[in-house]
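Q: I am new to this structure and would like a close look at a single part of it. Could you walk me through chain B, and then show me a few spots elsewhere that help place it?

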Amino acid sequence: MKKKKVKKSLYLYIVPGLFMVMAFVYVPIITNIVYSFFRLSSYSSSMKFVAFDNYRRLFTNDTFPVMMRNNIYYCIISLIVQVGFGTVIALVLESKLVGKLNSFYRNVYFIPSLISLTAVGLMFNFIYNPTAGMLNGFLKTIGQPDLQQIWLGDKKLAIFCIIAMSQWQYTGYIAMLMIVAFQNVSMDYVEAAIIDGAGPIRRAISVYIPLAKEQLLVCSVITVIGAFKLFTEVYTTTSGGPGDASQVLGLFLYQNAFLHDDMGMAAATGVLIFVITVTLSIIQLRITRSGQD
Amino acid sequence: MKKRFTRLLAMGIASLMAVSLAACGSSSGGSAGQTAGADSTAAANAGNSNVKTIKFFHRFPDDPANSFIEEKIAEYEAAHSDIDIVVTSAQNQPFKEKIKTVVGTAEEPDIYYSWAGEFSERFIRENLILDLTPYLEADSEWADSLIESQMVNYTTDDGMVYGIPFRLDGKVFAYNRDIFDELGLEVPTTWDEFLAVLEAIKADGTYTPLAEGNQDQWPGAHYIGTLNQMLVADDVRAADFNPKTGAFTDPGYVEALDKYQQLVPYMNIGVNGMTHDMARQLFTTGQAAMCYIELVEITNLYQETEGTEFNWGMFVFPTVEGAGNPNILTGEPEGFVISANTAYPDECVEFLKWFLGPEVGAQQAEVVGWFNASKGVADNLEDEGLREAYDLIMNAEAMGPWFDASLYSTVCEEYLQQISNVTNGDISSADAMAKIQATALEAQTLAAE
Amino acid sequence: MTTKHINGKKVFLTVLIHLFLMSLVLIILLPMCWLIMNSLKTNQEMFRDSIALPATPLFSNWVNAWNKGLYNYFLSSIITSAMSLCGILVFSSLLAYGLTRLNLPGSGLIFVIVLGGMALSEQVALVPLFKIIQAIGLYNTRWAVVLPYISFRIPFTMFLLRSYFLGIPRELEEAAILDGASRFQIFYKIIIPISKPVLASAAIVNLNFVWNEFLFANIFLENRKLMTIPLGLMTFQGDLKSDYVTMLAGILIASLPMIIMYLCMQKQFVRGLTSGAVKG
């Protein structure tokens, strides 16, 4: 191999961007791991090494199983509704039966994902309001007052109300991603399948989905990562209540850091989120790669 | 060359890392922040080096209070050309989060709102709040102008005065007189009478007896705060409020939760599903007969019922027999403290003397409907509701602290969560207290460090 | 089987599918209609019956919301977004160019490092980032949010641009080199103009992120003048008092710009999303 002389000034293209990512993404994340072994607060100058005590307190916390459960619920339901159902919507919209209204549907479904999370959160806070909200009002109007609930105030329902809100917001987004992936599927395959006598459902299962598999996995990855980053949706609606029924990792981190002055505990929670998301991403990437071989 | 580049990058990143780690180790905030802050102030005052900038952080961003504060500050600045007051504000919850992140750093405001009790005392433990005692001793006229019973809450056990009240407060039941007349009810003074009144309204079926919304979790804590005052002896509560000794083992605490649970069936549906102010709308629109409000909310009652015939009155929480003191009115004064790190302590004190003094106080009572702790601010008030409110505060034997501001943060969080669970009937009072006790025990070790 | 039968079945299926899709449209639009309807009422009207039509539509609520600081939050959001977008696009395009065209040693590793940033979530960096921002004196300045926004969006944007740059034929540059153009001239005069469509896509997708970002803004900003729209909306919610209808009007107004932007620039939007999707 011939050794080429490289002008060092050429690194000037790379350094600024690399530096930014290093400085504001990697350094904080590594520092976070260090912090997780200390007790520190935001206003006090003391910083005390406590080894694994933050982790011990995190894992033995009464709220810990609750928030893990909530994040996992969010993750699973989002995979089923956003990715699964979103893909079905995409397939339906791509079928010839929909016709001219296709782009209308697509745009309407997509719009919620453009609204900021705070706006959606504040809006659903009203919609779920037990006395003045839309949902109970609607149930009363259709003559089903027995179905009325206190929604966000109910221990069992709160997290599902929040999850439902997210499905409302993001299913159309995933559907849009899948639509584009399906549009990229070469018509040759589709026509070959038609010649083979495959009906629309067969075509979907054996042509569209396998060929859009990569996009499907990208969608799963972002949904899974999103599920463990969950914060704003809960912050703007229940703040984790009632009790700790709708607590999630992201909010727990935030509250410890900025409400309980327990930044070490927050850092430990951060490490946990980091480990979970990175592990799940790697697993999913592995699956994609093994599929390609 | 590649090596050199790598080395440079590594050095840059290592130094950033060092900064981030040192940020908390050293005298937090770091000198870099200090310099930058000074630079920007200097730039802002270019050409006028005598201007003293005072940063002022409050938590009353809603009108009329917000515009009143801004108006008064503009007035003060006009009269003092050397003072520039920079105001920021945030709503209750964001304020709680923000203030903890800026106190002790270069961004720390010179004057800020701070709840009395543990909320402020944790800052005092770090020497972050200015001791006002010498200033009050030096100016006896100022000291005499303040109502003593209201200053107690802003005084530590060691006698250090650290804050001056901006608004006095107290919790009372507001009731709809028309509903009471219609059903032939009398204002209750004991717990049993209270339950009888609630039962009568519920039996009638037209109105919700009690409006409450506990989504933000503090409204429930206000009930418990009052009930604890009556059911738990003063010295026991004082010991429990101290994070180092707090155990919450007194049986009165369980009883307080039990009593609260007795009230829940008389409240509107979905107490945990809406905020306090949303629930108050049920009261102000005549759908509910009573609401446990803060006296500072009278302003809101007036706003919400403007243009309607709304006939209301108030009574204090009915007496519950117990080990505690029934003559304490729940509702701590809320006020401002001065940072121990401020460059202009004298100027800050001068400003607060005026801003929280009798003259501004009287205007504030008139315009906002809130009283500060200067004597005589309500003398010229014509509004009956406000006068009654003022008398209630003046006649109280002592002011009970805001429950949620006086507990150690993790204990507070646990307590509020358990009250929320009790509201929903998800847990028994005894079990709830057991969980709070466990958290309090853990807090003892955390606070001791 | 007759043709007529097939047609009948097809019509039935079409109707069924449209019914299904329309019911989804209803689910999406009902909350929005409810929002618009109640943003035109008085607070009392809303609390008496939130699903009734307003007696007289009060457009003054919209005006109030705008005057209650929304105007200021908009301005702040525009400035913050513009600064962030400039940074994101400049850093990312330089980086993508450097990694695709210069054959520098270590490019592969650097690519992996930068791309790895895509999998890292903001929460994990939150506490140290807060300390860093405070230590370097940026807390409560616009830079406190702009710098993290840029840094967290470089990986995705670099990835998006890189795949596009790889598709640009080398011949164009070789011709320019023969003409004596410098590296930077090539980048600036050839690569960037050709890449306008993908830059537009990157801009708009990042705009959706920056415009709606809440976590960092909530923690790093305290001054009302610097607050972006998502934060501004939160200030509408008081503790003892909220003006609900004004808040609903605020939510409505705050949501419009991105929706309008999307409807005008659908093509760029969708392309940006699908070439390396990351949720905002």
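**A walk through chain B**

A: Of the contacts in chain B with a separation of 6 or more, 77% are between residues 24 or more positions apart. Please keep in mind that this is a predicted model. Chain B has 449 residues, and 51% of them are buried. Its elements are 21 helices and eleven strands.

Let's begin with the strands. Five strands of chain B form an open sheet in the order β2-β1-β3-β10-β4, and the pairing is mixed. At the edges lie β2 (83–89) and β4 (163–167) of chain B, each of which pairs on one side only. On average, neighbouring strands in this sheet are turned by 25° against each other, direction ignored. As general background, strands of a sheet pair through backbone hydrogen bonds, either parallel or antiparallel.

One pairing inside this sheet is worth following. Strand β3 (residues 111–114) of chain B and strand β10 (residues 334–338) of chain B run antiparallel and are joined by four bridges. If you would like a pair to find on screen, look for B:Y113, which stands opposite B:F336 in β10(B).

Next, have a look at strand β7 (residues 288–294) of chain B. How covered is this strand? Seven of its seven residues are buried, so β7(B) is mostly covered. Strand β5 (residues 171–176) of chain B runs antiparallel to β7(B), with five bridges between them. Here B:F173 has B:Y292 as its bridge partner in β7(B). Strand β6 (residues 208–211) of chain B also pairs with β7(B), but these two run parallel and are joined by three bridges. In that pairing, B:L210 is opposite B:M290 of β7(B).

Now for a helix. Helix α21 of chain B covers residues 429–448, which makes 20 residues. At 1.5 Å a residue it should span 28 Å, and its end C-alpha atoms are indeed 28 Å apart, which agrees. Which residues of α21(B) are buried? They are B:A432, B:M433, B:I436, B:T439, B:A440 and B:A443. These buried residues are on the same side of α21(B), because they cover an arc of only 125° around the axis. The general rule behind such a pattern is that an α-helix has 3.6 residues a turn, so residues three or four places apart point the same way. On the other side of α21(B), the exposed residues are B:A430, B:T445 and B:A448. What do the buried residues of α21(B) pack against? Their partners are α13 (251–263) and α20 (409–424) of chain B.

The loop between α12 (234–241) and α13 of chain B holds B:F248. This residue is not a glycine, yet B:F248 has a positive phi of about 55°. In general, most residues other than glycine have a negative phi, and most peptide bonds are trans. B:F248 has 26 other C-beta atoms within 10 Å, and therefore counts as buried, since 20 or more are needed for that.

Two spots in the other chains make good companions to B:F248. C:N140 also has a positive phi, near 60°, and is a residue other than glycine. You will find C:N140 in the loop between α5 (122–135) and α6 (143–166) of chain C. With 19 C-beta neighbours inside 10 Å, C:N140 counts as partly exposed. In chain A, a cis peptide bond joins A:G241 and A:P242, with omega about -5°. The loop that contains A:P242 runs between α11 (232–235) and α12 of chain A.

Finally, let's place chain B in its wider setting. The largest nonpolar core has 303 residues, and those with the most contacts inside it are A:M178, B:A174, C:L95 and C:I251. Helix α7 (residues 158–183) of chain A gives the largest share of this core, 16 residues. Apart from its neighbours within four places in sequence, C:I251 is in contact with A:A119, A:L122, A:M123, C:L35 and C:L233. As a general tendency, nonpolar side chains in soluble globular proteins are buried together.

Chains A and C also touch: the contact takes 66 residues from chain A and 72 residues from chain C. Among the elements that give two or more residues to the chain A side are α1 (15–35), α5 (117–127) and α13 (263–292) of chain A. The largest share of that side, 13 residues, comes from α1(A).

Terms used. Residues are numbered from 1 along each chain as its sequence is written. Chains are lettered from A and ligands numbered from 1 in the order in which they are written. This is a predicted model: local features need pLDDT of at least 70, side-chain atom pairs count only at pLDDT 80 or more; totals for chains, interfaces and linings use all residues. The expected span of a helix is 1.5 Å times one less than its number of residues. A residue is buried if 20 or more other C-beta atoms lie within 10 Å of its own, exposed if 12 or fewer, and partly exposed in between; C-beta atoms are placed from the backbone. The arc is that of the directions from the helix axis to the C-beta atoms. Two residues are in contact if their C-beta atoms, placed from the backbone, lie within 7 Å. A nonpolar core is a set of buried Ala, Val, Leu, Ile, Met, Phe, Trp, Tyr and Cys residues joined through C-beta atoms within 7 Å. Two strands pair if DSSP finds at least two bridges between them. Axes are lines fitted to C-alpha atoms, for helices over the stretch in contact, and angles run from 0 to 180 degrees between N-to-C directions.
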